[in-house]
Amino acid sequence: MPLFHAIKKRYHVITRPNPADEIFVFQKSDIYLLDGKYLPQWNQVKHYFNNSATYYCFAETEKHRYVIVEIDLALKHDNYLAINLKSASSILDETLFALAKYANHLHHWRRTHTYCGNCGNKNAEKTDEQAFVCLHCHNYPPLQALHEN
Ligand SMILES: [Zn+2]
C-alpha cells in the first residue's frame, strides 16, 4: 500500500489540528464517521469539539496529519455517528481501516496508562515515541503489540 510508505510516525500532543488533518474519534470499540461512512478532516468536524479535548497526532504524511481526538463525553450529533469499528472494515478503505485499528489501540492504551502503574502519579508524554514516562519513579510502560483479530 503506497500510502503506508508515505506515513511518518509522529507521536505528540498538538494544540489544534490543521484543516486537512484526518480525525479519529473513538468511544470504546466504536469509531465516529461522518454520515456513518467517512473519516472526516478537521475542517468538517471541528465545531463538534469543546476546549477539553486533547489532540494526539500519531502519524503524518506530506498532506495530512492523523490525529486522535481524546474526549471525555460521547458526541451527540445527527451527522457524526459512532459505528462499530469491526463494521467499519466494509466502509473504510483498507489503509484507513488499518490506521483506524491502530489508532483505536493507541487510544485505549493511552486511556488506561494516564497514571503510573507503579507509584500512581500522572504520567508525562514522551514526544519521540508512543509512550508515557513517570517523572517520579521513571516507570516506563511499554505499548503492547497490536494483535490482529
Ligand atoms: Zn511512577
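Domain bounds here come from an automatic or database domain assignment. On that basis, the protein is divided into domain 1, covering 2–112, and domain 2, covering 115–144. Please keep in mind as you look around that this is a predicted model.

**The overall picture**

Let's start with the whole chain. The protein has three helices and nine strands, and along the sequence they follow the pattern α-β-β-β-β-α-β-β-β-α-β-β. Its radius of gyration is 15 Å, close to the 15 Å that the globule rule gives for 149 residues, so the protein is as compact as a globular protein of that length. Along the principal axes, the C-alpha atoms fill a box of roughly 45 × 35 × 30 Å. Buried residues account for 23% of the 149 residues. Among contacts between residues at least 6 apart in sequence, 56% join residues at least 24 apart.

**How the two domains meet**

The C-alpha centres of domain 1 and domain 2 are 23 Å apart. Six residues from domain 1 and five residues from domain 2 take part in the contact. On the domain 1 side, the elements that give two or more residues are β1 (12–14) and α3 (94–112). By class, this side of domain 1 has five nonpolar residues, one polar residue and no charged residues.

**Strands and their partners**

Now for the strands. One open sheet of three strands has the order β3-β4-β7, with antiparallel pairing. Its edges are β3 (26–27) and β7 (80–84); each has a single partner strand, so one side of each is left without a neighbour in the sheet.

Elsewhere, β5 pairs with β1 and also with β6. Between β5 and β6 there are four residues, and the two strands form a hairpin. The table lists three antiparallel pairs, each with one facing pair of residues.

| Strand pair | Bridges | One facing pair |
|---|---|---|
| β3 and β4 | two | Q27 and D30 |
| β1 and β5 | three | I14 and Y55 |
| β5 and β6 | six | Y56 and I68 |

**The nonpolar core**

In soluble globular proteins, nonpolar side chains tend to be buried together. In this protein, the largest nonpolar core has 23 residues, and F24 and I68 are those with the most contacts inside it. The elements that each supply at least two residues of this core are β2 (22–24), β4, α2 (42–45), β5 (54–60), β6 (65–70) and α3.

I68 is a good residue to click on. Leaving aside its neighbours within four places in sequence, I68 is in contact with F24, Y56, F58, A103, L106 and H107. Y56 also stands opposite I68 across the pairing of β5 with β6. The helix α3 is worth a second look too: α3 gives residues to the core, and α3 also gives residues to the side of domain 1 that touches domain 2.

**Two residues with a positive phi**

Finally, here are two backbone details. K28 is not a glycine, yet its phi is positive, at about 55°. K28 is found in the loop between β3 and β4, and is partly exposed, with 13 other C-beta atoms within 10 Å. H138 is not a glycine either, and has a positive phi of about 65°. H138 lies in the segment after β9 (131–133), and counts as exposed, with 10 C-beta neighbours inside 10 Å.

Notes:
Residues numbered from 1 in each chain as written. Predicted model: local features only at pLDDT ≥ 70, side-chain atom pairs only at ≥ 80, totals over all residues. Contact = placed C-beta atoms within 7 Å. Nonpolar A, V, L, I, M, F, W, Y, C, P; charged D, E, K, R; others polar. Pairing = 2+ DSSP bridges. Core = buried A, V, L, I, M, F, W, Y, C linked by C-beta atoms within 7 Å. Buried ≥ 20, exposed ≤ 12 C-beta atoms within 10 Å, placed from the backbone. Rg over C-alpha atoms; globule rule 2.2 N^0.38 Å.
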